[in-house]
Amino acid sequence: MFRLMNFKHLAISTVLCACSLSFAGGKYWNVDEGGTTMKFLSMPTSPRSAALAGAGVATPQGFSEVSRNPLATTSSNSAQAGIGHIVFSSNVDAKLTSVYFGLPFEYANTSAAVEYLGYGDIEGRDEEGFKLEDYGAMAWAVQLGIGSKPSIFNWAISARFASQTIDNSTAIALLADGGASFKLNRYITFGATVTNFGWVSEYESEEESAPMALQAGITGSHPILEIFDIAVHADAYRRADYNPEWRFGGELLYKKSLAFRAGYAYRDKTDSGISAGLGIVFGRFQFDYAYASSPVLDGNHLFHLGIGF
């Protein structure tokens with residue numbers, strides 16, 4: 001129990017440290033626009049999160065969100081495993097597959113996740129724009145996490161190793177996530193997370209920065225006519241190389257077995273977008289789908305299949 005209390009204090013300290021860094025500046029937050037690497041580590045892999053435009057950090061609904069939200073480790077009292085897949089815009093020849101596993105114990109929950117991002121052939125160009133040979137690129141990450149059992153106050157931390165290869169050059173990263181949430185009452189929950197805090201190796205002799213991000217949000221939920229549940233989410237998000245953005249999402253659940261979701265993300269001086277999706281629970285199985293639109297690119301399709309046991 002003493003060790004778990006130390007983990008709890010560490011999670012709280014991590015989140016408070018991230019909040020301080022976000023306002024204090026320094027090298028972690030003074031990154032040129034678009035200047036971070038391994039950006040795939042900051043994009044949603046869960047259809048639920050994508051459908052809510054990235055909102056809902058305070059109330060993850062399952063271990064399927066653990067790759068991007070450490071608080072997902074605290075979301076359930078039963079074990080779950082699953083696989084997620086992203087089919088990117090037709091303008092981007094890439095696919096991302098993630099696998100996760102969540103296992104509760106008597107005093108704490110644990111989680112693990114692996115993801116792989118693969119690209120097709122990429123057209124090479126020299127500094128003057130002349131065509132060179134095509135080249136390949138790929139990235140992958142593996143993580144382990146621990147968090148509290150679902151309660152009024154929740155905490156979670158995780159550690160991640162990531163690698164990215166472009167042509168013949170490879171960079172690696174050692175990163176950490178942390179988060180805490182508080183359920184004010186049966187209707188309102190607050191939460192905050194810091195993700196991708198850590199070290200990235202040099203890439204082709206160039207110093208790199210991790211896509212460190214801070215997110216804080218509030219969720220309000222309420223039952224309707226004993227067969228529906230409605231939830232509304234409002235989050236603030238900031239990545240080290242971009243200005244803050246505002247994320248809003250809503251969910252309508254029917255008998256806790258069918259969910260309709262939609263979201264909107266407002267991003268100053270860059271693309272904003274509307275997202276939508278649905279979720280179906282049948283027995284021990286869960287299926288989720290989301291479509292995330294973008295004014296610049298065609299939309300991305302996200303799929304998830306999970307099983308509880």
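1. A definition to start with: two strands pair if DSSP finds at least two bridges between them. With that in hand, here are a few notes on this predicted model, beginning with a hairpin. Strands β7 and β8 form a hairpin with 2 residues between the strands, and aspartate 167 there takes a positive phi near 60°. Most residues other than glycine have a negative phi, and two further exceptions come up below.

2. Staying with these two strands, β7 (residues 153–166) pairs with β8 in the antiparallel sense, over 14 bridges. If you would like a place to check the register, try isoleucine 157, whose bridge partner in β8 is glycine 178.

3. Next along is the pairing of β8 (residues 169–183) with β9, again described as antiparallel, over 10 bridges. These strands also form a hairpin, with 4 residues between them. For the register here, glycine 179 stands opposite threonine 193 in β9, and alanine 180 is set against alanine 192 in β9.

4. On to β10 (residues 213–224): β9 and β10 run antiparallel and are joined by 8 bridges. One pair to look at is valine 194, which stands opposite leucine 214 in β10.

5. Which residue of strand β9 (residues 188–200) deserves a second look? I would pick asparagine 196, which is found in that strand. Asparagine 196 has a phi near 60°, a positive value in a residue other than glycine. Is asparagine 196 buried or exposed? With a relative accessible area of 1%, asparagine 196 counts as buried, because the cut-off for that label is under 20%.

6. Now for a residue outside the strands. Alanine 53 lies in the loop between α2 (47–51) and β1 (80–87). Alanine 53 also has a positive phi, of about 60°, although it is not a glycine. Its relative accessible area is 9%, so alanine 53 falls under the 20% cut-off and is buried.

7. What does alanine 53 touch, leaving aside residues up to four places away in sequence? The contacts are Arg247, Phe248, Gly263, Tyr264, Ala265 and Ser275. Phenylalanine 248 is worth displaying together with alanine 53: the two are 195 residues apart in sequence, yet their C-alpha atoms are 6.7 Å apart in space.

8. If you have time for a quick look at the backbone, I would suggest viewing these residues with positive phi: aspartate 167 in the hairpin of β7 and β8, asparagine 196 and alanine 53.

Terms used: Residues numbered from 1 in each chain as written. Predicted model: local features only at pLDDT ≥ 70, side-chain atom pairs only at ≥ 80, totals over all residues. Heavy atoms only, no water. Buried < 20%, exposed > 50% of the residue type's maximum accessible area, 1.4 Å probe, protein only. Contact = heavy atoms within 4.5 Å.
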